[in-house]
Amino acid sequence: MKRHGARSLLLILSTISYLLVGAAVFDALESERESTRKTVLEQKMKEIRDKYAFTEGDFQQIERVVVQSEPHRAGRQWKFAGSFYFAISVITTIGYGHTVPCTDAGKAFCMIYAVLGIPLTLVMFQSLGERMNTLVRSLLRHAKRLLGLREVEVSMCNMVLVGLLFCSSTLCVGAAAFSHLEGWTFFHAFYYCFITLTTIGLGDLVALQEGDALQRRAPYVTFCFMYILVGLTVIGAVLNLVVLRFLTVSAAETRAEEREQRRAEREKEGAPGNTVAASTTDTAPGRGGGGLRSAPSRGHPFGCHSNPIFYNSISYRVEQIATSSSAFGRGGGGGAGGLYLGKRGRYTRRKSL
Amino acid sequence: MKRQNARTLALIVSILTYLVVGAAVFDTLESRHERSQKRRLDARRNELLRRFNLSRANFEELELVVLQLKPHKAGVQWKFAGSFYFAITVITTIGYGHAAPSTDSGKVFCMFYALLGIPLTLVMFQSLGERINTLVRHLLHRVKLRLRPPDRARVSMANMVAVGFVSCLGTLCLGAAAFSRSEGWSFLHAFYYCFITLTTIGFGDYVALQKDQALQNHPRYVAFCFVYILLGLTVVGAFLNLVVLRFLTMNSEDERRDAQRRRHDARHRDARLAGPRGELAQLVPSPANANAAGLARAPPPRRRRRRGYTEVLHFQTICSCLWYRGDRRPRSLGPGPASPGDDLSFSDPYLKADRRPPPRIRPDPCSAGYLGYPGYPAYPDPEADTAGCVCGPRHCATVGSVAAGGLHMFSPFRGCQRRSSV
């Protein structure tokens, strides 16, 4: 527990310091530009107002109309194509904000839609990403064999390298395509692809907003949607490869710690005079009151089997295999599918399968 | 088709369907309003053009300036407080867009910042969320202990999910109340804002800290906002950790199980080729080896009475094979086939006779005595050498698949049936 808590604390502190550092750097990079732009724009605004002699009230009206018209400048946003675009931005959590539901019913439906859609999308991208990783792994193995390399097994390094390669090429392909189709510079298109595929979705640059593209250019619209979904899959595959294990490590550790605790408790209690019970606690951490209660607890000629502690320990082990294969299975590398229970050394770990 | 592929395909199809259905519903809900609003705004614009005698070009120029000034009107966005706000929206992937880097170097830094920050934040929220879940589980257990007898005080998954859901809802309502008061939004709009923020969608239609130069003038409100976003994301992350995380690893687990099974099958094939006298062959029930250790003998009648009981135990024995440190040897049998309860490494001890002294206390659910095979001592005697596991190696190896959810029906020996489901 302590190590676990320490890790969480460390992560919190690093995130907060990361935020502080980031804030300082953004401040340094953008503040000056912001203030100069503000001055310039306000100057311009003053000129315009003087030119047309707007009153304050007039000007506020104009401002209001302009601001409200903003989303409409890009064309019809809620026809099917636009709604599909919006739905994608919701369930992938990109959330450009180029279009937002105006009606209250739309807002409510948006929330319900997100509640179901976001977990579904997460699971889908991870599932597909894992399939991609498996495919890439087998292709790499074949390639290594064909190349006659000594080491045919695909290492984590190889996979990460290939994953990063795929990510960069996805971003570059998208950047090239969007810079051509939207008229942005390559850098801005790259920035757009990056912000989109990391699901940040600032919305300063949004595709399909020029020239009524959503209604007129169906192939481009299809390309856009496909690009977003495929790109997110590639990113998801790399995350599945690199980050997912860290997300589950704390859960696995907690389970191991709980088992240790329970075993310690059971060893302390131990039923007096029941060597079998003592032995079950010795050999298997039991779990109070749980596990498969399918075995009868009545008296039985083979006495010990009716011992509830024994059954608990067995069923506990059964369940442990179910959970440990999820928790620890990935911890075991290569050949030794590491099903590992409690303290090492207590149990014979299968050396190989 | 492999299970993983089927699952992935099903997920893809459901997502596409979900998108199509969502698009249709949004179309229905919003199109009409969009049309009418556009018409209204066009009318207003034309009126303004007429009133002020503006040309279209002039008006567009005006429009551009107004739109560009919009973020500036909301306050200074890039001083430290604003930058911190922006940094939060980047690494949590909320991404309102109320402020976006306009310099190229800002954009470049933003990308690198996100590259490192997003995984860090993901891991942090999941770690913290898992800690919170553990704490909640512990507290719930204590509460249940007070209300119920100890053997019924376990905290179930349903309990945890209910508590998680309630805390998410509570967080959203708390935020809605606070923001509706501070920003002047209606409760529903403030709730919508909190929801969109904490799911990290972050449209940017509603953004806090954009009124009255709040970023510079109201430091306490600013601090509250930041704390709310980070804590709210933790609560949502804890809920996701509880409910969704297990599904993210399904394919990987299946893949691992398949690989294990393939490896085991390969070794089993190799071992079987080791010769007719190979101990392994003796353990595998077959008519040819019927006399070897009595393993393949039909179970005596009394076992059939307790078939159901046996089923359960056999299922359990399959799994326990994997775990028992089997130094056991049935003394009555003398030197015989290595018991599968031995060190379960297929590379050697399975085939070697190992004459280690039996451990002091070692219950063995695999005891064939229990299962009624003559020659094996009855189970309850912990001092005697109880027999090793009766299940063959090919079954032990498939424990992973058996236990981890995929029960495959195969009967290791006659008379004993595997449970078809747990």
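1. Let's start with Arg32(B), which sits in helix H1 of chain B, the helix that covers residues 3-52. Keep in mind that this is a predicted model. Arg32(B) has a relative accessibility of 61%, so it counts as exposed. Arg32(B) also has company: together with Lys79(A), Arg35(B) and Arg39(B), it makes up a patch of positive charge on the surface. Note that Lys79(A) brings chain A into a patch whose other members belong to chain B.

2. There is a nonpolar patch on the surface too. Ile16(A), Leu20(A) and Phe80(B) make it, and its area is about 250 Å². I'd look at Ile16(A) here: the residue belongs to helix H1 of chain A, residues 2-52. Its relative accessible area is 40%, so Ile16(A) is partly exposed.

3. On to charge pairing. Side chains of opposite charge can pair when their charged atoms come close. Over all chains, the count here comes to 20 salt bridges. One of them pairs Glu63(B) with Arg73(A), with 3.2 Å between the closest N and O atoms. This pair crosses between chains: Glu63(B) is in helix H2 of chain B, and Arg73(A) is in helix H2 of chain A, with residues 56-73 given for each helix. How accessible are the partners? Glu63(B) is buried at a relative accessible area of 5%, while Arg73(A), at 46% relative accessibility, counts as partly exposed.

4. Which residue of chain B meets Arg131(A) in a salt bridge? That would be Glu255(B), with an N to O distance of 2.4 Å. Arg131(A) is in helix H4 (residues 104-146) of chain A and Glu255(B) is in helix H10 (residues 250-272) of chain B, so this pair joins two chains. Both ends are on the buried side of the 20% cut-off: Arg131(A) has a relative accessibility of 13%, and Glu255(B) has 14%.

5. Glu255(B) has another partner to check. A salt bridge links Glu255(B) to Lys2(B), and here the closest N and O atoms are 3.4 Å apart. Lys2(B) is in the segment before H1 of chain B and Glu255(B) is in helix H10 of that chain, so the contact ties together parts 253 residues apart in sequence. Unlike buried Glu255(B), Lys2(B) is partly exposed, with a relative accessible area of 32%. Put these contacts in context and you get a network of salt bridges that links Glu130(A), Arg131(A), Lys2(B) and Glu255(B).

6. Now for the backbone. Most residues other than glycine have a negative phi, so two spots in chain B deserve a look. Where does Thr93(B) lie? Thr93(B) is in the loop between helix H3 (80-91) and helix H4 (104-147) of chain B. Its phi is positive, near 60°, in a residue other than glycine. Thr93(B) is also buried, at a relative accessible area of 8%.

7. The other spot is Gln213(B). Although Gln213(B) is not a glycine, its phi is positive at about 55°. Gln213(B) belongs to the loop that runs between helix H6 (187-198) and helix H7 (214-217) of chain B. Buried or partly exposed? With 31% relative accessibility, Gln213(B) counts as partly exposed, whereas Thr93(B) is buried.

Methods
Residues numbered from 1 in each chain as written. Chains lettered and ligands numbered in written order. Predicted model: local features only at pLDDT ≥ 70, side-chain atom pairs only at ≥ 80, totals over all residues. Heavy atoms only, no water. Patch = residues over 30% accessible without salt bridge, like charges linked within 9 Å, V, L, I, M, F, W, Y side chains within 5 Å. Areas by Shrake-Rupley, 256 points an atom, 1.4 Å probe, with all protein chains shown as cover. Salt bridge = Lys/Arg side-chain N within 4 Å of Asp/Glu carboxyl O. Lys, Arg positive; Asp, Glu negative; His and termini not counted. Charge placed at Lys NZ, Arg CZ, Asp CG, Glu CD. Helix = DSSP H or I, 4+ residues; strand = E, 2+ residues; numbered from the N terminus. Buried < 20%, exposed > 50% of the residue type's maximum accessible area, 1.4 Å probe, protein only.
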